[in-house]
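Dear colleague,

I am passing on the structure we spoke about, with the sequence alongside. Below it you will find my notes on what turned up when I went through it.

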Amino acid sequence: MAKGLYEINQSKKIKPNNGLLYEIKKNKSIYTMILPGILFFLIFAYIPMVGVITAFKDYDIKKGIFGSSWNGFDNFKFFFSSGDALKITFNTFYLNLLFLIASTVISVALAIFLNGLTANGFKRISQSVMFLPYFVSWAIVGIITQGFFASDNGAINSFLRTLNVDPVSWNSSPGLWPFILVIFYIWKWCGYNLVIYLATITGFDMECYEAASIDGASKFQQIRYITIPLLMPTILVLALLQIGKIFYGDFGMFYSIIGDNGMLYATTDVIDTYVYRALRQMSDFGMASAIGLYQSVMCFVMVFGSNLLVRKYQSDGALF
């Protein structure tokens with residue numbers, strides 16, 4: 001009898017955790033769902049990393065990546081001694097920082113505003129209208145930009161002439177374009193971020209607001225002491241994701257709007273457009289790979305350092 005009970009208990013015993021294979025078998029439906037995403041990043045992100053060695057070679061297209069001769073850090077020396085490294089690095093960082101701050105502030109403000117509306121129909125329509133520019137390609141935005149800022153017959157200069165104001169030479173005024181780019185970036189991405197923040201706000205416990213209202217807190221005080229603190233982890237996560245790409249300029253945006261206008265390079269030339277011109281004009285694959293590796297290392301340093309700071313002061317908003 002005792003032996004029979006022992007065998008029954010042994011059969012009911014939970015199998016020990018056997019590591020990765022056990023985890024995959026246990027949650028195979030979930031891993032099957034994420035398999036396309038894993039394959040995408042494996043094929044288009046990790047396997048191409050083999051090409052990083054091109055940054056340390058005198059690349060010859062006839063010999064290929066592995067047949068080309070090594071040249072050490074010559075590609076990096078050429079880039080950093082050209083005088084363009086500091087300028088394009090600053091432009092990339094500065095413009096992305098402007099994009100990050102402006103889009104975060106405006107998206108959060110609009111999300112709070114829409115959440116406070118009682119007219120659900122107007123709220124849905126407004127949200128859809130704000131989200132619509134996300135689906136517009138940068139090529140279309142570039143055409144719109146030319147329509148607005150063309151020096152001869154652009155919409156803005158035509159309006160200025162009706163007011164007897166001298167037209168502005170937009171395409172030869174590099175100092176104006178960082179702010180113009182910020183406007184277009186907000187117009188395109190604000191609705192996308194707005195949806196995320198609004199979804200987060202609608203998930204908050206309404207009892208907190210009811211208790212604050214009973215205690216006499218105004219709407220502004222509720223936003224300041226309840227909404228923003230509760231929204232901060234989401235803001236930090238999205239900010240960290242953008243900081244991870246702070247040294248990556250949106251090539252589609254910059255090339256569609258700025259193009260090959262050399263007069264605007266002083267404030268709008270970023271690492272991505274510089275690499276593109278290096279490939280197109282000089283066919284220098286080695287230097288382009290060196291710049292790309294430098295860009296990736298700087299992004300890694302930024303996201304890792306930023307995550308350490310966030311984890312130190314507000315661990316809920318850290319990525320890892």
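Arginine 280 forms a salt bridge with aspartate 260, with 3.2 Å between the closest N and O atoms; please bear in mind that this, like everything below, comes from a predicted model. The pair links distant parts of the chain, since arginine 280 belongs to helix 15 (residues 271–282) while aspartate 260 sits in the loop between helix 13 and helix 14 (265–268), 20 residues apart. Arginine 280 has a relative accessibility of 37% and therefore counts as partly exposed, and aspartate 260, at 43%, counts as partly exposed as well.

The structure holds 2 salt bridges, and the other one joins aspartate 269 to arginine 277, with the closest N and O atoms 2.7 Å apart. Are the residues of this pair buried or exposed? Aspartate 269 is buried, and arginine 277 is buried too.

Turning to the nonpolar interior, the largest nonpolar core has 21 residues, of which Phe99, Trp177, Leu181, Met253 and Ile257 touch the most other members. Two or more residues of this core come from each of helix 6 (85–115), helix 8 (138–149), helix 10 (177–202) and helix 13 (251–257), and helix 10 gives the most, with 8 residues. If we take phenylalanine 99 and leave aside its neighbours within four places in sequence, its contacts are Leu181, Val182, Tyr185, Met253 and Phe254. Another core, of 15 residues, lies apart from the largest one, and its members include Ala111, Ile112, Tyr197 and Ile226. As general background, nonpolar side chains in soluble globular proteins tend to be buried together.

Helix 16 (residues 285–313) appears in two of the helix packings I looked at, one with helix 12 (residues 219–243) and one with helix 5 (residues 74–81). Helix 12 and helix 16 pack at an angle of about 160°, their axes lying 9 Å apart, and they are therefore roughly antiparallel to each other. Their crossing is right-handed, and the contact is made by Leu236, Leu240 and Ile243 on the helix 12 side and by Met302, Val303, Ser306, Asn307 and Val310 on the helix 16 side.

The axes of helix 5 and helix 16, on the other hand, come within 8 Å and cross at roughly 80°, so these two helices are roughly perpendicular to each other. Here helix 5 contributes Asn75, Phe76, Phe78, Phe79 and Phe80 to the contact, and helix 16 contributes Gly286, Met287, Ala290, Ile291, Leu293 and Tyr294.

Two single residues may also deserve your attention. Which part of the chain holds asparagine 164? Asparagine 164 lies in the loop between helix 9 (155–162) and helix 10, and has a positive phi of about 60° although it is not a glycine. For comparison, most residues other than glycine have a negative phi. With a relative accessible area of 73%, which is over the 50% cut-off, asparagine 164 is exposed.

Lysine 87 lies in helix 6 and, at 32% relative accessibility, counts as partly exposed. Not counting residues up to four places away in sequence, lysine 87 touches Tyr265 and Ala266. The C-alpha atoms of lysine 87 and methionine 263 are separated by 14 Å, while the two residues are 176 residues apart along the chain.

With best wishes

How values were computed
Residues are numbered from 1 along each chain as its sequence is written. This is a predicted model: local features need pLDDT of at least 70, side-chain atom pairs count only at pLDDT 80 or more; totals for chains, interfaces and linings use all residues. Side-chain values use heavy atoms; hydrogens and water are left out. A nonpolar core is a set of buried Ala, Val, Leu, Ile, Met, Phe, Trp, Tyr and Cys residues joined through side-chain atoms within 4.5 Å. Buried means under 20% relative accessible area, exposed over 50%, partly exposed in between (1.4 Å probe, protein chains only). Helices (H or I, at least four residues) and strands (E, at least two) are DSSP runs, numbered from the N terminus. Contact means heavy atoms within 4.5 Å. A salt bridge is a side-chain nitrogen of Lys or Arg within 4 Å of a carboxyl oxygen of Asp or Glu. Axes are lines fitted to C-alpha atoms, for helices over the stretch in contact, and angles run from 0 to 180 degrees between N-to-C directions. Angles under 35 degrees count as roughly parallel, over 145 as roughly antiparallel, 65 to 115 as roughly perpendicular and the rest as oblique. A crossing is left-handed if the near helix is turned anticlockwise from the far one by less than a right angle, and right-handed if clockwise.
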